[in-house]
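The exercises below ask for helix packing, empty space and backbone geometry to be read from one structure. Each task is followed by a worked solution.

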Amino acid sequence: MKPLISPLLGLLYTTTAAQANPISSPTASNKNGISPQLFSSLERLSRLVDISYCVGTPGTGGLSPPFSCSSRCGDVDISGRLELIRSWNTGFLSMEDSCGFVAFDHPGVQQDRKEGKIVVAFRGTYSLANTIVDLSTVPQEYVPYPADPDGDGGDQKGKGPRCNNCTVHMGFMASWKAAREIVVPAVEKARKRYPGYGVELVGHSLGGAVAMLAGLEMRAGRGWEGVRVATFGEPMVGNKGLVEFVDEVFGLKGDVGGGGEDKAYRRVTHKGDPVPLLPLREWGFRSHAGEIFITKGDLPPGPKDLRLCEGDRDKDCLNGEDGDDEEGEESDKGWFREMVNELGGKEEGEMWETETGWPTRFKLWQLLFAHRDYFWRLGLCVPGGDPIDWGRGRYNLTESDDEMRDL
């Protein structure tokens with residue numbers, strides 16, 4: 001695998017990365033704000049995926065039945081409802097590293113039985129090695145995996161949508177291939193035990209990319225109904241052909257940003273997070289629809305701080321923050337070209353400053369901050385979660401209900 005730094009430095013001297021013209025603020029959109037119900041659902045899913053960091057992390061004790069861990073397993077809306085089916089860890093600090101868990105999420109006392117789910121949580125980037133896998137860029141042909149090694153097309157027997165002219169990041173595909181031999185049989189068995197339960201795939205960072213590939217196989221390759229995906233900080237997984245396939249399989253074509261609760265795919269992004277903008281568009285990667293953008297830079301956000309985005313690249317969401325134009329094409333007045341043109345007038349030490357600053361996708365230090373700040377700071381398996389969240393009570397949405405009715 002090629003080192004990460006060399007491609008980035010090469011790109012700085014060969015491409016224009018972002019638009020210098022000012023962009024509209026996400027908060028100026030009348031589509032800013034989501035319902036408290038959707039906010040509550042996403043916030044809970046973020047805690048479930050945070051628990052996945054207890055798997056494959058030395059010294060944490062992992063997950064144990066019925067559902068206990070060193071992190072958020074004791075939360076009032078998790079304890080007593082989650083029933084561990086199994087966890088997995090296919091490696092550590094390797095290209096095929098994949099960790100997570102499969103569990104029943106039984107309905108609460110006042111919920112209908114149809115609210116029950118089978119949760120599959122894919123752990124996100126924990127190490128530098130995984131980060132390099134996230135950002136490396138070696139596309140390969142994408143073919144949805146069939147239900148069995150014989151390639152008979154599974155439950156659909158070859159029927160359903162097909163991915164044409166698609167390529168996918170080889171690291172993400174390798175991670176799913178390593179996990180699928182464990183995940184698919186576990187979910188199949190769980191579906192037979194509770195046939196009325198839907199399947200909720202959730203992932204953070206690299207885990208978001210793997211959750212997407214898992215969702216494609218389950219919906220398109222196997223024809224399973226009731227499969228939904230929620231990701232936090234998901235990177236771009238493949239090319240334009242793959243994006244069109246994802247939009248078709250999950251019913252995202254013509255997405256105008258409405259609804260949210262009923263969407264089969266919710267791709268949550270955060271202000272300042274570079275990972276959803278990587279691997280680089282200059283290398284052919286594209287983002288798909290279903291984006292929900294957290295416009296607030298610090299914790300905690302509220303329902304009004306989230307925006308339902310339109311289409312694959314909404315200029316008022318994360319892509320617009322990065323300085324791309326509405327079509328996602330490179331601007332003739334990018335930040336790097338502006339910098340080069342002005343070098344003669346810069347004092348020593350000022351040569352890297354421009355009016356637009358660094359594009360979000362090159363702010364790799366935000367891997368430690370914005371990339372982890374999805375409702376809570378994700379990625380540390382200790383009681384109460386990351387210390388930055390200690391002392392914070394649960395989200396209280398009571399005061400938000402009246403404010404959100406007019407949205």
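Helices and strands here are DSSP runs, numbered from the N terminus, with at least four residues for a helix (H or I) and at least two for a strand (E). The model is predicted.

**Exercise 1. Describe how α4 packs on α5.**

Solution.

Step 1. Locate the two helices and their geometry. Helix α4 covers residues 170–193 and helix α5 covers residues 206–221; their axes lie 9 Å apart, at an angle of about 55°.

Step 2. Classify the angle. Angles under 35 degrees count as roughly parallel, and those from 65 to 115 as roughly perpendicular. α4 and α5 are therefore oblique to each other.

Step 3. Assign the hand. The crossing of α4 over α5 is right-handed.

Step 4. List the residues that meet. From α4 these are Phe172, Met173, Ser175, Trp176, Arg180, Val183, Val184 and Val187, and from α5 they are Leu206, Ala209, Val210, Leu213, Ala214, Glu217 and Met218. Sorted by class, this contact of α4 with α5 has 12 nonpolar, 1 polar and 2 charged residues.

**Exercise 2. Describe how α5 packs on α6.**

Solution.

Step 1. Take the geometry. The axes of α5 and α6 cross at roughly 55° and come within 11 Å. That makes α5 oblique to α6.

Step 2. Assign the hand. α5 passes α6 in a left-handed crossing.

Step 3. List the contact. Met212, Leu216, Arg219 and Ala220 of α5 meet Leu242, Phe245, Val246 and Val249 of α6. The class count for the contact of α5 with α6 is 7 nonpolar, no polar and 1 charged residues.

**Exercise 3. What is the volume of the largest pocket, and which residues lie nearest its centre?**

Solution.

Step 1. Take the volume. The largest pocket holds about 550 Å³ of space.

Step 2. Find the lining. There are 24 lining residues in the largest pocket, and Arg44, Arg81, Gln111, Glu115 and Lys117 lie nearest its centre.

Step 3. Trace the lining to elements. α2 (36–51), β3 (117–122) and β6 (198–204) are the elements that give two or more residues to the lining of the largest pocket. α2 gives the most, with 6 residues.

Step 4. Sort by class. The lining of the largest pocket has 10 charged, 8 polar and 6 nonpolar residues.

**Exercise 4. How many cavities of 30 Å³ or more does the structure hold? Describe the largest and the second largest cavity.**

Solution.

Step 1. Count. There are 4 cavities of 30 Å³ or more.

Step 2. Describe the largest cavity. Its volume is about 90 Å³. The largest cavity is lined by 15 residues, with Met236, Val237, Arg286, Ser287 and His288 closest to its centre. Helix α6 (residues 240–249) supplies the largest share of this lining, 3 residues. By class, the lining of the largest cavity has 8 nonpolar, 4 polar and 3 charged residues.

Step 3. Describe the second largest cavity. About 50 Å³ is the volume of the second largest cavity. Of its 11 lining residues, Asp97, Ser98, Cys99, Arg123 and Ser175 lie nearest the centre. α5 gives the most to the lining of the second largest cavity, with 3 residues. That lining divides into 4 nonpolar, 5 polar and 2 charged residues.

Step 4. Link back to Exercise 1. Ser175, one of the residues nearest the centre of the second largest cavity, is also among the α4 residues that meet α5.

**Exercise 5. Which residues does the cis peptide bond with omega about 0° join, and where is asparagine 165, with its positive phi?**

Solution.

Step 1. Recall the usual case. Most residues other than glycine have a negative phi, and most peptide bonds are trans.

Step 2. Take the bond with omega about 0°. This cis peptide bond joins proline 65 and proline 66. Proline 66 is in the loop between α2 and β1 (82–89).

Step 3. Add another cis bond. From leucine 299 to proline 300 the peptide bond is cis, with omega near -5°. Proline 300 sits in the loop between β9 (291–294) and β10 (306–308).

Step 4. Turn to phi. Asparagine 165 is a residue other than glycine with a positive phi, near 55°. Asparagine 165 is found in the loop between β4 (139–141) and β5 (167–169).

Conventions
Residues are numbered from 1 along each chain as its sequence is written. This is a predicted model: local features need pLDDT of at least 70, side-chain atom pairs count only at pLDDT 80 or more; totals for chains, interfaces and linings use all residues. Side-chain values use heavy atoms; hydrogens and water are left out. Axes are lines fitted to C-alpha atoms, for helices over the stretch in contact, and angles run from 0 to 180 degrees between N-to-C directions. Angles under 35 degrees count as roughly parallel, over 145 as roughly antiparallel, 65 to 115 as roughly perpendicular and the rest as oblique. A crossing is left-handed if the near helix is turned anticlockwise from the far one by less than a right angle, and right-handed if clockwise. Contact means heavy atoms within 4.5 Å. Ala, Val, Leu, Ile, Met, Phe, Trp, Tyr, Cys and Pro count as nonpolar, Asp, Glu, Lys and Arg as charged, and the others, Gly among them, as polar. On a 1 Å grid over the protein atoms alone, a cavity is a set of points where a 1.4 Å probe fits but cannot get out, and a pocket is an open set with protein on both sides within 12 Å along at least five of seven lines; lining residues have an atom within 4 Å of a point. Grid points are joined across faces, edges and corners, and a volume is the space filled by probe spheres set on the points.
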